[in-house]
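Reader: Please take me through this structure, and tell me for each term what value lies behind it.

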Amino acid sequence: MGPFFRTRILRHKDEPDLRSSIPPPLETVDRHFLRLLVDTNSALKVNYPCSVASVTLAQYLNGHYGGRSVTTRRRDSFILLVRNEAAMDYHRLMRLLSLLFAATSIMLVAQAGEQSSLDIYVIDVEGGEATLFVSPSGESMLVDTGWPGFNGRDADRIVAAAADVGVTELNYLLVTHFHTDHMGGAIQLSERMPIHHFIDHGSGTNLGERGQAAFDRYAQLRGGGKHLQVKPGDRVPIEGIDVRIIASGGDVLREPLAGAGDPNPACRDFVFHGEDITSRGGDAEDQLSVSAVVAYEKFRTIIMGDLTWNKEYDLMCPNDTVGTVDAYLVSHHGAHTSGSEALVLPLQPRAAIMNNGPKKGGAMQTFEILDQVSSLEHLWQNHYAVDAGNHNSPDRFIANLDTGDNNAAANSQPAHMGASHWIRVSAQSDGSFTVTNSRNGHRQHYPPRP
Ligand SMILES: [Zn+2]
Ligand SMILES: [Zn+2]
């Protein structure tokens, strides 16, 4: 630590240790205090009361110290991360900051007394999937990692979303299945943040040479952490929220979750898909997807991976084993091979968030089925869906408006590199939630259901 740090401690012997305590509000923090933080040798994590506007602090620090700090909101406080050049790759941090400040609406001000929330970030990975859950306990679970390659584009976007909520390591990584758009970014991500537990359906089958090689790399990474191979009915032991596995490895939940189990009228006209046995890639990975219901007391949501149409029938027919949700994370990028009426209608979501790419998922049929959900107030989209024309939601509900064809990671140069935008769901224990589009700050509050 620098000499300044020692001076300060000597002068204020009665002050608690800065590394572990809440410092005074910004108004009483002087320049010396801030310098002192920057002068320390390693990253510090300091919680600030929410009455402090984080952007003021961040701008101050960036103005004076060249962008070596990040402030973020977490529950009832901001988290200030300050690192010096020795501890942090400067260029990486600048990139992170530019991403954060491109999406500033959430960074401007948080109100004092804000409640704890389950925060869900639907991250743009260009037609892949990556969804970060941060429990009110502070524990985190990332579901899928986006694509590999592109100098860690998708991993960087995940890190930026995590930083927005003060998360610097992952308690759980759930890989729904072993397709490149879901598993591919895991290794680059592990180079950027520690991952402690790996959750998946076991091992891949008939993945082809390249797919198998990618799986082997993932399996090696997984071997360095703890591995949980899940089956329907299992709980992910993340603290503060209830994560129940409803499908995995081709099996689906048979016993209904609490409050579910009613006959599902949408099963009557179900038309099976002949091609459900294998995905377009020729393997059965999509139908092996791990799917889960995530609940924070009264709030419920569902995440499906790429679970296929016919598996939805097994899960939801003749009786619905899942029950209703407040927010529906649209299955399989909104592709036409998932998201049947039998799945979607009984969920009765108030909001749906679709992680599509410009030309990946976002199928006309998906929009049409969602149109039938009478409870649905808004469909939020991660990308404008080029082929869906005027079915697209109004722009304010869409996080990324570019129309480039950049979902084929392995063989095309994506147009959309650099900064991107996410959609966040912030849920309260009473079932209410707020959805925010980081591109334009547009947000919508959904009060508790009566
Ligand atoms: Zn996929
Ligand atoms: Zn897939």
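Author: Two strands are said to pair if DSSP finds at least two bridges between them, and helices (H or I, at least four residues) and strands (E, at least two) are DSSP runs numbered from the N terminus. Residues are numbered from 1 along each chain as its sequence is written, while chains are lettered from A and ligands numbered from 1 in the order in which they are written. This is a predicted model, in which local features need pLDDT of at least 70 and side-chain atom pairs count only at pLDDT 80 or more, whereas totals for chains, interfaces and linings use all residues.

Reader: What is the mean pLDDT of the protein chain?

Author: The mean is 78, and 70% of the residues reach 70 or more, where pLDDT is the predictor's confidence in each residue, from 0 to 100. Over residues 1-57 the pLDDT is below 50, and this stretch has 78 contacts in the model beyond near neighbours in sequence. A contact is counted if the C-beta atoms of two residues, placed from the backbone, lie within 7 Å. Residues 406-413 also stay under 50, with 16 contacts beyond four places in sequence.

Reader: What makes E11 and E12 a pair?

Author: E11 and strand E12 (residues 251-252) are joined over 2 bridges in the antiparallel sense, and since at least two bridges are required, they count as paired. Ala247 has Val252 of E12 as its bridge partner. The two strands form a hairpin with 2 residues between them, where Gly249 takes a positive phi near 60°.

Reader: Which other strands does E11 pair with, and over how many bridges?

Author: Strand E10 (residues 235-236) is joined to E11 by 2 bridges and runs antiparallel to it, with Val236 and Val243 as bridge partners. These two strands form a hairpin with 5 residues between them, and Gly240 in the turn has a positive phi of about 95°. Strand E13 (residues 291-296) is joined to E11 by 5 bridges, also antiparallel, and there Arg244 is the bridge partner of Val293.

Reader: Why is Leu118 called buried or exposed?

Author: A residue is buried if 20 or more other C-beta atoms, placed from the backbone, lie within 10 Å of its own, exposed if 12 or fewer, and partly exposed in between. Leu118 has 23 such neighbours inside 10 Å, and therefore counts as buried. Leu118 is in strand E4 (residues 118-122), and leaving aside neighbours within four places in sequence, its contacts include Phe133, Pro136 and Ala427. Leu118 and Pro136 are 18 residues apart in sequence, yet their C-alpha atoms are 5.3 Å apart.

Reader: Where does E4 stand in its sheet, and what are the edge strands?

Author: The sheet is open, has 9 strands in the order E9-E8-E7-E6-E5-E4-E19-E20-E21, and shows mixed pairing. The edge strands are E9 (226-229) and E21 (443-446), each of which pairs on one side only. E4 pairs with strand E19 (residues 423-427) in the antiparallel sense over 5 bridges, and Tyr121 has Arg424 as its bridge partner.

Reader: How do you know that H6 is close to its expected span, and how covered is it?

Author: Helix H6 (residues 153-164) has 12 residues and reaches 17 Å from its first C-alpha to its last, close to the expected 16 Å, the expected span being 1.5 Å times one less than the number of residues. Of its 12 residues, 12 are buried, among them Arg153, Ile158 and Asp164. Just after H6, Gly166 takes a positive phi of about 80°.

Reader: Which residues have the most contacts inside the largest nonpolar core?

Author: A nonpolar core is a set of buried Ala, Val, Leu, Ile, Met, Phe, Trp, Tyr and Cys residues joined through C-beta atoms within 7 Å. The largest here has 95 residues, with the most contacts inside it made by Ile158, Leu173 and Ile353, and its largest share, 7 residues, comes from H6. Beyond four places in sequence, Ile353 touches residues including Val122, Trp380 and Val425.

Reader: What is the phi of Glu126, and why is Glu126 called buried or exposed?

Author: Phi of Glu126 is near 55°, a positive value in a residue other than glycine. With 29 C-beta neighbours inside 10 Å, Glu126 passes the threshold and so counts as buried; it lies in the loop between E4 and strand E5 (131-134). Asp144, which is not a glycine, has a positive phi of about 75°, and its 31 neighbours inside 10 Å place it among the buried residues too.
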